[in-house]
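Trainee: Could you take a close look at one part of this model for me? Start with the helix you would pick, then follow the contacts outward.

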Amino acid sequence: MEMNRVLTFYKYQGTGNDFVMIDNRDNSFPKDDIKLVAWLCDRRFGIGADGLILLEEDAIMDFNMVYYNADGKQGSMCGNGGRCLVAFAKFLGVVSAEAKFNAVDGVHSATINGDIVELKMGDVSEISEKPNAYFLNTGSPHHVQLVKGLQDFDVFKEGSKLRYGVYGQKGSNINFVEPLGEGTFAVRTYERGVEDETLSCGTGVTAVAIAMHKSGKVSSDVVNIEAQGGKLQVRFSVDAKGYSNVHLKGPATQVFKGEIKC
């Protein structure tokens, strides 16, 4: 790779789900360079991250979100990435206590209180029941499956098996869940695009909360989730049409700022 420019970037994380953030309001980033994005996300040869996110100008909203998976390809909605981008936008002075932005799955709004960002997710009306599992789309497709002994569960082996064996090349994110107590669940997620377990997945924990409510494992409209990288909370409204007013809440923090030749 020819190193002929210096790129300024920021690193953010939301419950261990980490992202390279780039202020692309001047449209200078080569958005179609898959190899560059994958290299920047590489944990050995680049910066290292679960994904890369561009903050761009938007004609109507506060900003536009462009999300790339670690494999360099543009991905579907990323909940923790969206929360981190809101924190980044506040850092840049683009927003203050509230934000509204465009993403690949539509418009999202958010509130910011210190390092806690609460993001409004999309409505969910379709939930498919599978043997011992549920499938739903919360901005990204998710398989949600209850297991026992989650801490010792082989997430990579079983997640990749389901991701390719059941959902094919297009794939799905795979979430393994274990109840911890009233209204609280532990979650571990295999993410497509990363093709490995991540410490947290925002759309994944959102899918888990809704699936657990749908299955009757929780009756509250507020669900607490413990991912490997930290705690998140999901709240929603539910009626005959499905789930609406879905919100994902948790910390989103800047880790560092840097420059890299690329």
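Mentor: Start with burial. Buried means under 20% relative accessible area, exposed means over 50%, and partly exposed is in between (1.4 Å probe, protein chains only). Helices (H or I, at least four residues) and strands (E, at least two) are DSSP runs, numbered from the N terminus. This is a predicted model, where local features need pLDDT of at least 70, side-chain atom pairs count only at pLDDT 80 or more, and totals for chains, interfaces and linings use all residues. Residues are numbered from 1 along each chain as its sequence is written, and side-chain values use heavy atoms, with hydrogens and water left out.

Now the helix. Helix α3 covers residues 155-165, and V155, G159, S160, L162 and R163 are buried there. Those buried positions span an arc of only 165° around the axis, so they sit on the same side of α3. The arc is taken from the directions that run from the helix axis to the C-beta atoms. A helix rule helps here. An α-helix has 3.6 residues a turn, so residues three or four places apart point the same way. What do the buried residues of α3 pack against? Their partners are β10 (141-146), β11 (173-181), β12 (184-191) and β13 (196-198). Contact means heavy atoms within 4.5 Å.

Helix α3 also holds a charged pair. E158 forms a salt bridge with K161, with the closest N and O atoms 3.5 Å apart. A salt bridge is a side-chain nitrogen of Lys or Arg within 4 Å of a carboxyl oxygen of Asp or Glu. E158 and K161 are three residues apart, about one turn of the helix. E158 is partly exposed at 24% relative accessible area. K161 is partly exposed too, at 47%.

Move on to the other charged pairs. Side chains of opposite charge can pair when their charged atoms come close. How many salt bridges does the structure hold? It holds nine. One of them joins D18 to R43, the closest N and O atoms being 2.8 Å apart. That pair links distant parts of the chain: D18 is in strand β2 (residues 17-23), R43 is in the loop between α1 (34-41) and β3 (51-56), and 25 residues separate them. D18 is buried, at 9% relative accessible area. D18 and R43 also belong to a salt-bridge network with K11 and D50.

Another pair is R235 with E118, where the closest N and O atoms are 2.5 Å apart. R235 lies in strand β15 (residues 230-239) and E118 in strand β7 (residues 116-120), so this bridge ties together parts 117 residues apart in sequence. R235 is partly exposed at 36%, whereas E118 is buried at 13%.

Back to β2, the strand of D18. Six of its seven residues are buried, so β2 is largely enclosed by the rest of the structure. Two strands pair if DSSP finds at least two bridges between them. Strand β1 (residues 6-14) runs antiparallel to β2, joined by five bridges. K11 stands opposite V20 in this pairing with β2. The two strands form a hairpin with two residues between them, and T15 in the turn has a positive phi of about 50°. β2 also pairs with β3, in the parallel sense, over five bridges. There F19 stands opposite G51 in β3. The chain passes from β2 through α1 to β3, a β-α-β crossover that is right-handed. Right-handed means that, with the strands pointing away from the viewer, the path from the first strand over the helix to the second runs clockwise.

The helix of that crossover carries C41. C41 is buried, at 4% relative accessible area. Leaving aside residues up to four places away in sequence, C41 touches G48, A49, G51, L52, N69 and A70.

That raises the cysteines. A disulfide is a covalent bond between the sulfur atoms of two cysteines. The cut-off here is a pair of cysteine sulfur atoms within 2.5 Å. How many disulfides does the structure hold? Zero. The sulfur of C84 is 7.9 Å from the closest cysteine sulfur, in C78, which is too far for a bond. C84 is buried, at 0% relative accessibility. C201 is in no disulfide either, with the nearest cysteine sulfur, that of C78, 6.5 Å away. C201 is buried at 4%.
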